[in-house]
Amino acid sequence: MWLFVFFDLPVVTKKQRKAAALFRKNLMKDGFVMFQYSVYIRHCGSHESMKVHAKRVKLFVPDEGKVSVLSVTDKQYGDIVNYWGKKEKDKKVITEPLQLEIIW
């Protein structure tokens, strides 16, 4: 099974930013990886394991914001379709050494 965690957390104040960062850190400590910026996923070997990790997510939730948890089977996850836009072109990097001219 796969466990998805979707969240929208406020980050206006320093306290809110700290809470959001701690939430992400706790997800990663529990084995989640970032799928998109506010979407993290984790594979669980069984339904029981999924329940354990879903309960842990509930413990991590900050006082403010919205967090949703969704579980899907391996078969359902296998049907995912991803689309990527065009890759941003690499910007030219100047590799020539910088020369300074000192005028007295």
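Mentor: A pocket is an open set of grid points with protein on both sides within 12 Å along at least five of seven lines. In this predicted model, the largest pocket has a volume of about 150 Å³.

Trainee: What makes a residue part of the lining of the largest pocket?

Mentor: A lining residue has an atom within 4 Å of a point of the pocket. Leu9, Pro10, Lys15, Gln16, Ala19, Ala20, Pro62, Asp63 and Glu64 therefore count as its lining.

Trainee: Why does this lining divide into 5 nonpolar, 1 polar and 3 charged residues?

Mentor: Leu, Pro and Ala count as nonpolar, and Lys, Asp and Glu as charged, so Gln16 is left as the polar residue. The division is thus 5 nonpolar, 1 polar and 3 charged.

Trainee: Why is the set that includes Val5 and Phe7 called a nonpolar core?

Mentor: The name applies because its 13 residues are buried, with under 20% relative accessible area, and are joined through side-chain atoms within 4.5 Å. Val5, Phe7, Phe23, Leu27, Phe32 and Val57 touch the most other members. Strand 1 (2-8), helix 1 (14-29) and helix 2 (47-60) each give two or more residues to this core. Apart from it lies another core, of 5 residues, among them Trp2, Phe4, Ile41 and Val72.

Trainee: How do you know that Phe32 touches Tyr40?

Mentor: Contact means heavy atoms within 4.5 Å, so Phe32 and Tyr40 meet that cut-off. Leu3, Val5, Leu27, Ile41, Arg42 and Val57 are also touched by Phe32, not counting residues up to four places away in sequence.

Trainee: In what order do the elements of the protein chain run?

Mentor: From the N terminus on, the order is β-α-β-β-α-β-α, with 3 helices and 4 strands.

Technical notes. Residues numbered from 1 in each chain as written. Predicted model: local features only at pLDDT ≥ 70, side-chain atom pairs only at ≥ 80, totals over all residues. Heavy atoms only, no water. Buried < 20%, exposed > 50% of the residue type's maximum accessible area, 1.4 Å probe, protein only. 1 Å grid on protein atoms, 1.4 Å probe; cavity = no way out; pocket = protein on both sides within 12 Å on 5 of 7 lines; lining within 4 Å. Points joined across faces, edges and corners; volume = space filled by probe spheres on them.
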